[in-house]
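Opening the notebook on a new model today. I want to look at the core, one loop residue, one helix and the empty spaces.

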Amino acid sequence: MDFDVDPSLVQLALHQAQSTLRVNKEALALIHELAAAKAQGARPLKIYAMSNIAKEHMDIVQALPSFPWPIFDRIFTSFDAGMRKPDLSFYRHVIQETGCKPSTTLYLDDKSENICAGRLLGLRGEIVDPDQRTRAFNIVRNLLLEDASLRAERFLHMHAGKLDSVISMPGKDDIVLKDNFAQLMIWGLTGMEDIVYLTWPDGIITRGQEEADMMDTTSPIPISDASCSPSPAPSPPSSSTSPPSSPSPSLYHLEVKPTLWNYFTHSSPILTTTTFPPDIETTSIAYLTITPSHPNYHLLSPPSLIAEAMFAIRNKDGHFETYFSPERHGRVSPEVCVSVLRCLNKFFSSGQIPGLPSLDVTDERIEPSKKLVTDCLRYRANVYGNRFYPHPESFLYYLAMLCDECRDSSPRFCGELKGELEAALRERLNVPMNALALAMRVRAWQLLGLGRGFVQRDLESLLGMQEGDGGWPAGDFCSYGRVQKQKIGNRGWTTALVCRILRDWGM
């Protein structure tokens, strides 16, 4: 069939079309990073290109001024080799010509059939389609340019004092949230007090060891006389497993008022009441994180008084409530109970409260909360999350910390948890989750001392989420609000958690 078209016009049209090609900016930035690393000799990199392309098209593409072609040690084309991707013969040809070792070679492509072919020969193939491009490029950076942990630590130091939480709601911009809870978690994971900020119970604001002015009007709220009524003192340890007799957070009185930790820092509470009571979980995390040798430890109430306050706010079922306030009666969460048990276990194992029993001993003050936690695990009660925690990873992570910490002090209780906890984690492996939830799952697996191979896919997915600045996305770990759930996450916490995972696995 003769279309009577001048071939020169066809060639011109092709040239004009190809001249409109633009290099992807994200890909170009990565190529420049690779070129710089190669020029500096930081790592012995060899970079090759492999393309299905005609000679005429290759001539046009190589004329693009913005692309640094010299970075490639060699370019393999289908027109030169007489083979095309995904033919295995083409891959074998490239491997033979370059002498590369497939197991230590990273291969990127935008077509799944080509990735499949490369992986069949042992290459580490990663897809670079529009949805996975950022993930693939992050893998390149972590494997070829700089360790993920070094980039993450640099992120934490560069954002010291600004590792804020964020509140996310569908269809709205994120809201910055300054809270003590996430800051304490970051400090506990990294050991770096200088990168976090806190508002201590007496209103002192610190960033590391630096103290700011007292801010009485917005400091966390100690238990006030208005919220305390006479109540029997906590019962001593007992062999009975029955719950305590009708304790109520609206009916307790302590002769000495403890200073307790508030979720919020000195900033005003956000998306809630203008005044916000201290809570049992933030208080527990503070005592788990801050050691008696800390220079500001004298600002805290003694552990015995804190334990007494905790025992005083059990509900009628004997479970620890969340808030030290009668106005917020009824808030019970398995995750919160785990944090309290962790704190009480620390008080016992460190000998800070003489006479406090281990978690192996039946004690009517803690038995109902222990049962709540173990039942939640056994029956997967939070498989869909709950009011405060939207996914099960938070519970499993908190429980793994408890299991790890009471391995020596309460071995029987630890043994009761470990087998069922491992089974629950296996059920969650490879389930897609946000970055913080995924990091919690991997860390929980690590704390149980289980093999890294089983969680490798989750770990690789997590590493692929690392962003260009070295940090990880905020993700989310808890929520609040009855009608419209506001989810809370923190880039600093996610990044600190991954840092700890990598450090403990020597990565």
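**Core**

I started with the largest nonpolar core, which has 104 residues; Tyr398, Phe477 and Trp493 touch the most other members. Worth keeping in mind throughout: this is a predicted model.

I then pulled the contact list for Tyr398, skipping residues up to four places away in sequence. Phe477 and Trp493 are both on the list, along with Phe181, Met185, Val338 and Tyr389. Glu281, Glu335, Ser339 and Arg342 also touch Tyr398. Apart from this core I found another, of 21 residues, with Ala27, Leu64, Ala136 and Leu145 among them. General reminder to myself: in soluble globular proteins, nonpolar side chains tend to be buried together.

**Ser409**

Next I went to the loop between helix H14 (393–405) and helix H15 (411–428), where Ser409 lies. Is Ser409 buried or exposed? Its relative accessibility comes out at 16%, and the cut-off for buried is under 20%, so Ser409 counts as buried.

What does the side chain of Ser409 pair with? I get a polar contact of 2.7 Å to the side chain of Asn345. Leaving aside neighbours within four places in sequence, I have Ser409 in contact with Asn345, Phe348, Ser349 and Ser358.

**Helix H17**

I looked up which residues of H17 (residues 456–463) are buried, and got Asp458, Leu459, Leu462 and Leu463. They cover an arc of only 135° around the axis, so they sit on the same side of H17. The textbook spacing I had in mind: an α-helix has 3.6 residues a turn, so residues three or four places apart point the same way.

Then I checked what covers those buried residues of H17: the cover includes helix H7 (133–145), helix H8 (148–158), H15, helix H16 (435–447) and helix H18 (491–504). H15 is one end of the Ser409 loop as well.

**Pocket and cavity**

On to empty space, starting with the second largest pocket, which holds about 480 Å³. I count 25 lining residues there, and Phe276, Tyr323, Phe388, Ser479 and Tyr480 lie nearest the centre. Helix H10 (280–289) and strand S10 (478–480) each supply at least two residues of that lining. Which element gives the largest share of the lining? That is S10, with three residues.

Last lookup was for cavities: the structure holds one of 30 Å³ or more. The largest cavity comes to about 30 Å³, and I noted Phe311, Leu344, Leu356, Pro357, Leu359, Asp363 and Ile366 as its lining.

Notes. Residues numbered from 1 in each chain as written. Predicted model: local features only at pLDDT ≥ 70, side-chain atom pairs only at ≥ 80, totals over all residues. Heavy atoms only, no water. Core = buried A, V, L, I, M, F, W, Y, C linked by side-chain atoms within 4.5 Å. Buried < 20%, exposed > 50% of the residue type's maximum accessible area, 1.4 Å probe, protein only. Contact = heavy atoms within 4.5 Å. Helix = DSSP H or I, 4+ residues; strand = E, 2+ residues; numbered from the N terminus. Polar contact = N/O pair within 3.5 Å; in protein donor to acceptor, adjacent residues only side chain to side chain. Arc of directions from axis to C-beta. 1 Å grid on protein atoms, 1.4 Å probe; cavity = no way out; pocket = protein on both sides within 12 Å on 5 of 7 lines; lining within 4 Å. Points joined across faces, edges and corners; volume = space filled by probe spheres on them.
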